[in-house]
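The following exercises concern a single protein model and are to be worked with the sequence and coordinates at hand. Each task is followed by a solution in steps.

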Amino acid sequence: MVAPMTTSKSLTIAVLALIAVVAGPVAAQLGLPPMIAFIVFFAGGALGLAALAWGIIVKVRNTARGGALAAIVGAIPALLVLVPAALMAGKAGPGINDVTTSTEDPPAFADPGLHGDYPGEFVPKVTEAYPAIKTLTLALPPTEALALALDVARGRDGWDITSTSADGFEGYEKSRVFRFRDDFVI
């Protein structure tokens, strides 16, 4: 009598990977700290890659049922995480949230202790990676330009203005998926 084949544990890992990839962004929307939610998401991609490989091995060796399904299900979270990660890894320059439009004189935050100064080493990287980003020069008096910019910022969905002064304003915006906070100063 031949013992029946068991279902591969790679299928369980693949399903857990898929759950983690979905749970990370959902948890961020529900208030989990962004970095923890991102780690859950990224771990789902790593688990998916492991399930993909394990599923292929199970299928080739024919040691259990579900290897092909585990490979297919595992590929989904692996691709959802690893393709964007690979695209970002190949990108030169700082991320778009580390850019200034005034490389000669980057605006400072009201509380530099909280944010620090704009890193000088970013300036050549920013000008190379984002050549189209420049300081906007308007044919308006500075007070009118500042008032116009403040009106636009207040009208932006998701932007929170935290302080204003005669010289400018600052605030933050949270990213849509993981709710990472990106601070700005104008």
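**Exercise 1. The span of a helix**

What span should the 28 residues of helix α2 (residues 34-61) have at 1.5 Å a residue, and how far apart are its end C-alpha atoms?

Solution. The model is a predicted one.
Step 1. At 1.5 Å a residue, the expected span of α2 is 40 Å.
Step 2. The end C-alpha atoms of α2 lie 40 Å apart, which agrees with the expected span.

**Exercise 2. The buried residues of α2**

Determine which residues of α2 are buried and which helices they pack against.

Solution.
Step 1. A residue counts as buried when its relative accessible area is under 20%.
Step 2. In α2 the buried residues are Ala37, Phe41, Gly44, Gly45, Gly48, Ala51, Gly55 and Val58.
Step 3. An α-helix has 3.6 residues a turn, so residues three or four places apart point the same way.
Step 4. The packing partners of the buried residues of α2 are α1 (9-29) and α3 (67-89).
Step 5. Methionine 35 also belongs to α2. Its relative accessible area is 47%, so methionine 35 is partly exposed.
Step 6. From methionine 35 to alanine 108 the C-alpha distance is 26 Å, with a sequence separation of 73 residues.

**Exercise 3. Two residues with positive phi**

Where are asparagine 62 and arginine 179 found, and how exposed is each of them?

Solution.
Step 1. Asparagine 62 follows α2 and is found in the loop between α2 and α3.
Step 2. Although asparagine 62 is not a glycine, its phi is positive, about 55 degrees.
Step 3. With a relative accessible area of 55%, asparagine 62 lies over the 50% cut-off and is therefore exposed.
Step 4. Arginine 179 is found in the loop between β2 and β3, and its phi, near 65 degrees, is a positive value in a residue other than glycine.
Step 5. The relative accessible area of arginine 179 is 31%, so this residue is partly exposed.

**Exercise 4. The pairing of the strands**

Establish how β2 pairs with β1 and with β3, and identify partners across the strands.

Solution.
Step 1. Strands β1 (residues 159-164) and β2 (residues 169-174) run antiparallel and are joined by five bridges.
Step 2. These two strands form a hairpin, with four residues between them.
Step 3. Across this pair, serine 163 stands opposite glutamate 170, and aspartate 160 has tyrosine 172 as its bridge partner.
Step 4. β2 also pairs with β3, again in the antiparallel sense and over five bridges.
Step 5. On the β3 side, tyrosine 172 stands opposite aspartate 183. Tyrosine 172 thus has a partner in β1 and one in β3.
Step 6. The hairpin of β2 and β3 has six residues between the strands, and arginine 179 takes its positive phi there.

**Exercise 5. The largest pocket**

How much space lies in the largest pocket, and which element gives the largest share of its lining?

Solution.
Step 1. The largest pocket holds about 1800 Å³ of space.
Step 2. Its lining comprises 46 residues, of which Thr101, Pro107, Phe184, Val185 and Ile186 are the closest to the centre.
Step 3. Two or more lining residues come from each of α4 (112-115), α6 (142-155) and β3 (181-185).
Step 4. The largest share, eight residues, belongs to α6.
Step 5. By class, the lining of this pocket divides into 26 nonpolar, ten polar and ten charged residues.

How values were computed. Residues numbered from 1 in each chain as written. Predicted model: local features only at pLDDT ≥ 70, side-chain atom pairs only at ≥ 80, totals over all residues. Heavy atoms only, no water. Pairing = 2+ DSSP bridges. 1 Å grid on protein atoms, 1.4 Å probe; cavity = no way out; pocket = protein on both sides within 12 Å on 5 of 7 lines; lining within 4 Å. Points joined across faces, edges and corners; volume = space filled by probe spheres on them. Nonpolar A, V, L, I, M, F, W, Y, C, P; charged D, E, K, R; others polar. Expected span 1.5 Å × (residues − 1). Buried < 20%, exposed > 50% of the residue type's maximum accessible area, 1.4 Å probe, protein only. Contact = heavy atoms within 4.5 Å.
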